[in-house]
Every structure is written in structure tokens, then in C-alpha cells.
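Here is a short tour to read with the structure open beside you. Take it topic by topic, and turn the view as you go.

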Amino acid sequence: LFDGVYPFYPQQRKAAVFDIRTIIVIVVFLTLACSFLLIIPGIRGRARWYWTLRVLLSLFVGLVIVVAQFTGDWETGWVQANTSYKSFSPVQVNADIGLHIGLAGVNVTLRGNPVNQINETINYNEHFPWYFGADYDRSYSEGLQKGLPSPILYVAEKFSTQSPCAVHRQYRIAGHYASAMLWVAFCTWIISNILFSTPVLVYGGYMLLVTGAFMIFSLLSFSTVRNSPMCLIQIGTRTLHVAYGGSFWLMLAIGLLCFVAGIAIVAMHHLNLDLLKAFFDLREDKAEEYQEMPEVFVNPHFVNKGL
């Protein structure tokens, strides 16, 4: 055994919120941020703080858009209950059962209270994908073959295509369109950053508004699953309820931030263009262009000859 897991275990467990793709994206954006912080001392004056605010805020927006594609906490729910641990066994355990729903699938967590019970370590976290190209029912069947604990299989069965709950199709389509809109928002975010380096800053503000709009559209797409009645997930005598998670509310906050920033840029373009160009370090300093030399050395020989 390797840390309580057989070395030939066919499927590695995934974290409920973070996975390897999320870590890679975070590392990439952190590298860009650190690279910028290394060159920021070369910018003089107040423009240094303007650049820092703009770049770090823009990188954070792009990071949230990409990371939200892979997180599993768009909807979350937890319940603590006494439940059966294995099929065809009367033995019950006290455990926390967690449900984490993302755009690409669902994670089911089972953690014992305490973790060591009935001579076993009860700490499971299984992922069942439903993105286009993935076979949810096959993942569920593999879980049956591996002999996963009964609470995990019970919760996962609620989202299968054969379940009477009939929510698999709604979640799959809603997650697919929400993901597509987020990728469009990421593209418009890149375009807005390109436009902000041009003298016509108002178009960058318009693209920032479009970015916020697609982020809100992704939230509306995902929230359509609430229109379908959800079956009760009964764990022992307790009921597992789900609510919008951290990724959903973070995406809402960033979408509103993009709206506010876009409106502010468009308004400043019409009200105070010089202040806007100063913030983006695009203002032409005429004083420096026509600044006279502080000290001039003249050869008296040429002055006497009238040259």
C-alpha cells in the first residue's frame, strides 16, 4: 500500500475544488505578475502606481475567467449524518458528505468523523465528469466496480442519465454553454488589453463591458438548472441541500467589476480625456518636448565674428 491506496488504483482522486489544470493556470498568471513586478521599478512617477493597479487587476480578471472553467464549487453542499458505509452491510458510520458541482462534472466527498472508523480510513473524493466527450454513466459504473462507499454511489446516481431525477442533461448543457461563454469572455479580455495600449481607449472600455456581459451570461446559463426540480438527496435522516458556491459568486463579482470599470472608462473618455490618458500613461507631455536646455556653452570666437 502507498498511503493507504493500492499503487495500481485505476483512477486518481481529484480535489473537490482544485486540480492540476487549476494549479497550472495559477502558476502561469503568477509568473506573469511576478515578471511585471520585476520591471515596475523602471517606471517613474505616479505612472508606476497606475501601471501596477491596471496590470494586476487585469491579470486577476483573466485568472478568474480561466480558473472558473476547472473549479468544482459552482454549487456546493454539505451534510453530516449517520449512514451505511457498504452495500449489504448493517454497519453505519458518522461522516460528512459533500457535493461539489462544476461546469465539467461533479465531485462527491466522504469524510468520516473521525476519519478512522471500523478499522478503515474513511476519506474519499471521487469525480464524475459530464462534459461533452465524457461518459458519466461509464464513470459511475467504474465506481460500482471499484466498490466505492454507498453514500458516494447514492449521490452520484442522482446525476446519472438513468436517474428519475432527470437533471443530468440540464447540468451538462448548462455547464457547456457557461464554459463557452467564459472562453468568449477570455478572448474579449485579451482584446480589451490590446486596445488599452492604443490612443483610442474608449474601445477598450467597450470590450471590457462585453467581457463583463459574457461573464454574466455564463452565470445565467448555469443558473437555468434551478428551473428543474431537484430530487431530495436523503442521507440517513438528513437531507443534502446545495447552494451557489464560491466560483459562482466570485464570477458575479468580477463581472460586475468589469461593468463598473468599462462604464468608468467610457465616461472619462467623454468627460475628461486627459485624465484618462494620464491613467493609461498615454498623455503627451508637451512641456518636455519644448523644454529648453538648462545650460548652453558658446564659443566666444564665433560670437565675435557674427557667426
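The points below go through the sheet, one strand residue, the salt bridges, the record's annotation and a few exposed positions.

Please keep in mind that this is a predicted model. Its open sheet has five strands in the order E4-E3-E2-E1-E7, with antiparallel pairing. A search of the whole structure also turns up three salt bridges, and each of them gets a bullet of its own.

**The sheet**

- Strands of a sheet pair through backbone hydrogen bonds, and the pairing can be parallel or antiparallel.
- In the sheet with the order E4-E3-E2-E1-E7, the pairing is antiparallel. Strand E4 (120–129) and E7 are the edge strands, each pairing on one side only.
- Strand E1 (residues 75–84) has two neighbours to look at. With strand E2 (residues 92–101), E1 pairs in the antiparallel sense over ten bridges. With strand E7 (residues 243–244), which runs antiparallel to E1, there are two bridges.
- Some individual partners help to set the register. Gly 77 stands opposite Leu 99 in E2, and Gln 80 has Asp 96 of E2 as its bridge partner. Towards E7, Thr 76 is matched with Ala 243.
- In a regular strand, side chains alternate between the two faces of the sheet. Which residues of E1 lie on the covered face? They are Glu 75, Gly 77, Val 79, Ala 81 and Thr 83. The uncovered face carries Thr 76, Trp 78, Gln 80, Asn 82 and Ser 84.

**Thr 109 in strand E3**

- Thr 109 belongs to strand E3 (residues 105–117). Is Thr 109 buried or exposed? Its relative accessibility is 4%, so Thr 109 counts as buried, the cut-off for buried being under 20%.
- The side chain of Thr 109 has polar contacts with two other side chains: that of His 100 at 3.4 Å and that of Asn 125 at 3.1 Å.

**Salt bridges**

- Side chains of opposite charge can pair when their charged atoms come close.
- Glu 120 and Lys 86 form a salt bridge, with 2.9 Å between the closest N and O atoms. Glu 120 sits in strand E4 and Lys 86 in the loop between E1 and E2, so this pair ties together parts 34 residues apart in sequence. Glu 120 is partly exposed at a relative accessible area of 24%, and Lys 86 is partly exposed at 43%.
- Glu 126 and Lys 146 meet through their side chains in a salt bridge of 3.7 Å, N to O. This pair links distant parts of the chain, with Glu 126 in strand E4 and Lys 146 in helix H3 (residues 136–146), 20 residues apart. Glu 126 is buried, with a relative accessible area of 2%, whereas Lys 146 is partly exposed at 26%.
- Arg 138 and Glu 142 are joined by a salt bridge of 3.6 Å, N to O. Because they are four residues apart in helix H3, about one helical turn separates them. Arg 138 is exposed, with a relative accessible area of 56%, while Glu 142 counts as partly exposed at 31%.

**Annotation from the record**

- An unreviewed UniProt entry gives the annotation "transmembrane region" for residues 20–39, 51–71, 91–110, 177–196, 202–222 and 242–267.
- Two of these stretches are worth setting side by side in the model. Residues 20–39 are 100% helix and 0% strand, with the end C-alpha atoms 29 Å apart. Residues 91–110 are 0% helix and 80% strand, and there the end C-alpha atoms are 16 Å apart.

**Surface and contacts across the sequence**

- Ile 20, Ile 23, Ile 24, Val 27, Val 28 and Leu 32 make a nonpolar surface patch of about 540 Å². Ile 23, one of these residues, is in helix H1 (residues 20–39) and counts as partly exposed at 45% relative accessibility.
- Pro 199 is in the loop between helix H5 (168–195) and helix H6 (201–223). Pro 199 is exposed, with a relative accessible area of 60%. Its C-alpha lies 9.4 Å from that of Phe 280, although the two are 81 residues apart in sequence.
- Arg 169 is part of helix H5 and is exposed, with a relative accessible area of 61%. Arg 169 and Trp 130 are 39 residues apart in sequence, and their C-alpha atoms are 9.0 Å apart in space.

Terms used. Residues are numbered from 1 along each chain as its sequence is written. This is a predicted model: local features need pLDDT of at least 70, side-chain atom pairs count only at pLDDT 80 or more; totals for chains, interfaces and linings use all residues. Side-chain values use heavy atoms; hydrogens and water are left out. Buried means under 20% relative accessible area, exposed over 50%, partly exposed in between (1.4 Å probe, protein chains only). A polar contact is a pair of N or O atoms within 3.5 Å; within protein, one must be able to donate a hydrogen and the other to accept it, and residues adjacent in sequence count only if both atoms are side-chain atoms. UniProt positions are given in the numbering used here, feature names are shortened, and annotations may be inferred rather than shown by experiment. Patches are made of residues with over 30% relative accessible area and no salt bridge: like charges are joined within 9 Å, nonpolar side chains (Val, Leu, Ile, Met, Phe, Trp, Tyr) within 5 Å. Accessible areas come from the Shrake-Rupley method with a 1.4 Å probe; for residues, only the protein chains shown count as cover. A salt bridge is a side-chain nitrogen of Lys or Arg within 4 Å of a carboxyl oxygen of Asp or Glu. Two strands pair if DSSP finds at least two bridges between them.
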